[in-house]
Amino acid sequence: MITLADLRALQPLREYTDAELEMLLGAATERALRPGQVVCRQGDLGRSCYLLVQGSLEVRRESGLGNQVVSTMRPGSLVGQIALVDRWPRGATVRALQDGVMLELTRDVFERLLAACSPLALRFQHQLAITGIRHYRDALRRLAAAPREAPNLDERPSRDSLVGVLSVVQASSTEWGLSVEELDAVEFVAQELPRGPKR
Amino acid sequence: MSTFVEHRERLRRVPLLSKLGDRDLDTVRACLRWKTLDPGQVLFREREAGDTMVLVTEGSLVVSVLHTDGTEVELAQAGVGQLLGEMACLDPSPRSATVMALEPTVVAELSRDALTAMRSAAPALASLFIGEVIRVVTQRLRELEAKVDQELQTPTEEPPPKAVPGSAASKGTSSATGPAPALAATPRAGFLGWIDRLRGAG
């Protein structure tokens, strides 16, 4: 069970008073996480947001840049709040990387916190703003680093890149018992190949 | 009309503050500093320090960032009622973009200290500004994501399928009859695309 001491230990919540953390704890529901568990999926509508208390989460976004790991969330991070702010579909898929636990804040609770001006509400709003700002900065960095031109598909892949791909493919197809044709349905992201395939 | 009332009326034209009464408007006004910009004058410069955000009350500005290849990329234009500079104000960090006036422009500036003071003296007003920051940043994030999708989508390549092993039948593997030439009109995506190119190379 998540206790006040667990929340007290989270750096992003250091400015909250004990009473405020108790209120937050009372308004939220505890959710256990298993490795690989999907917390939210890109394109879905948002009904809740989450405060990660233990474990880590991987945020992946499917975009013009390919399927990228946008960030890895550590305890104290807010997750899934963006779709609650603007009511647009989820902008990324979030998965648990390990066992963990988080607090779920439903849309109802979230909107009450956003509309109020109590010290707790203001602290929460400030945290939301900072979280949004950091997401935006990350997105800016990705855009600034992205190639200005679309990659030339007619260009022959280099020998090194192929050796990397083929060794991973060989290992994975044996592991999964897949034929080459079936592998066509598997997503390949070039940057991740040296670290092995993701599922 | 006195400057006092003039400033209050200027603030009232900003949608964020349009519903406030005179007393609240005066509280906000007391926290702000006015700045007038000539066309071409820079308000914030990317990478420079700063802790203020501004509300545009007259004119318009352009927001741009320097790409790693040295070109200037225009992100957005901002007009009356829009908030700028809120990121460095709330989350101490150098300016993430350059903001330049496009025409004679007037902005109302709110510093980090003034916002902190507002939080304890007038929490409802501080919440109004922070709430606006949350909405603005969320909207910009979505717009930036859409821009990334739009600009970097390669016209000849379909987005990779979201399939998992076992659901291969859903994709157009049937169009792949034998090794495709390296310069096929529609290169195949995924692993078979790599194989095509390998075969074309060999």
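What share of the contacts in chain A with a separation of 6 or more comes from residues 24 or more positions apart? That share is 71%. Keep in mind that this is a predicted model.

**Chain A at a glance**

Chain A carries seven helices and eight strands. Of its 199 residues, buried ones make up 50%.

One residue to look at here is S71(A), which sits in strand β5 of chain A. S71(A) counts as buried because its relative accessibility is 14%, and the cut-off for buried is under 20%. Skip the neighbours within four places in sequence, and S71(A) touches L57(A), E58(A) and V59(A).

**Rings and charges**

Over all chains, the count of aromatic pairs comes to one. The partners are F110(A) and F124(A), set edge-to-face with 6.0 Å from centre to centre and 80° between the planes. The pair ties together distant parts of the chain: F110(A) belongs to helix α4 (residues 107-115) of chain A and F124(A) to helix α5 (residues 119-145) of chain A, with their positions 14 residues apart. Both F110(A) and F124(A) are buried.

Over in chain B, there are arginines placed over phenylalanine faces. R29(B) lies over the face of F4(B), and R95(B) does the like with F44(B). Here are the distances:

| Charged residue | Ring | Distance from the ring centre |
|---|---|---|
| R29(B) | F4(B) | 3.9 Å |
| R95(B) | F44(B) | 3.6 Å |

**Empty space inside**

Now for the voids. There are eight cavities of 30 Å³ or more. The largest cavity holds about 320 Å³ of space. It is lined by 22 residues, and V59(A), I82(A), G91(A), A92(A) and H135(A) are the closest to its centre. Both chains take part: β4 (57-63), β5, β6 (78-79), α3 (82-86) and α5 of chain A, along with α5 (123-152) of chain B, each give two or more residues to this lining. By class, the lining of the largest cavity splits into eleven nonpolar, five polar and six charged residues. V59(A) turns up twice in this story, as a contact of S71(A) and as one of the residues closest to the centre of the largest cavity.

**The second largest pocket**

How much space lies in the second largest pocket? About 930 Å³. Its lining counts 31 residues, and those nearest the centre are P12(A), Q127(A), I130(A), T131(A) and R134(A). The elements supplying at least two lining residues each are β5 (66-73) and α5 of chain A, plus α3 (86-90) and α4 (112-121) of chain B. Helix α5(A) gives the most, with eight residues. On the chemistry side, you get twelve nonpolar, ten polar and nine charged residues in that lining.

So helix α5 of chain A keeps coming back: F124(A) of the aromatic pair is in it, the largest cavity draws on it for two or more lining residues, and it is the top contributor to the second largest pocket.

**A lysine on a strand of chain B**

Is K35(B) buried, partly exposed or exposed? It counts as partly exposed, because its relative accessibility is 33%. K35(B) is part of strand β1 (residues 33-37) of chain B. Its C-alpha atom is separated by 5.8 Å from that of V106(B), although the two residues are 71 apart along the chain. Setting aside neighbours within four places in sequence, the contacts of K35(B) are L43(B), T105(B), V106(B), V107(B) and E109(B).

Notes
Residues are numbered from 1 along each chain as its sequence is written. Chains are lettered from A and ligands numbered from 1 in the order in which they are written. This is a predicted model: local features need pLDDT of at least 70, side-chain atom pairs count only at pLDDT 80 or more; totals for chains, interfaces and linings use all residues. Side-chain values use heavy atoms; hydrogens and water are left out. Rings of Phe, Tyr and Trp (its six-membered ring) pair if their centres lie within 6.5 Å; planes under 30 degrees apart count as stacked, over 60 as edge-to-face and the rest as tilted. Helices (H or I, at least four residues) and strands (E, at least two) are DSSP runs, numbered from the N terminus. Buried means under 20% relative accessible area, exposed over 50%, partly exposed in between (1.4 Å probe, protein chains only). A charge sits over a ring if NZ of Lys or CZ of Arg is within 6 Å of the ring centre and within 35 degrees of the ring normal. On a 1 Å grid over the protein atoms alone, a cavity is a set of points where a 1.4 Å probe fits but cannot get out, and a pocket is an open set with protein on both sides within 12 Å along at least five of seven lines; lining residues have an atom within 4 Å of a point. Grid points are joined across faces, edges and corners, and a volume is the space filled by probe spheres set on the points. Ala, Val, Leu, Ile, Met, Phe, Trp, Tyr, Cys and Pro count as nonpolar, Asp, Glu, Lys and Arg as charged, and the others, Gly among them, as polar. Contact means heavy atoms within 4.5 Å.
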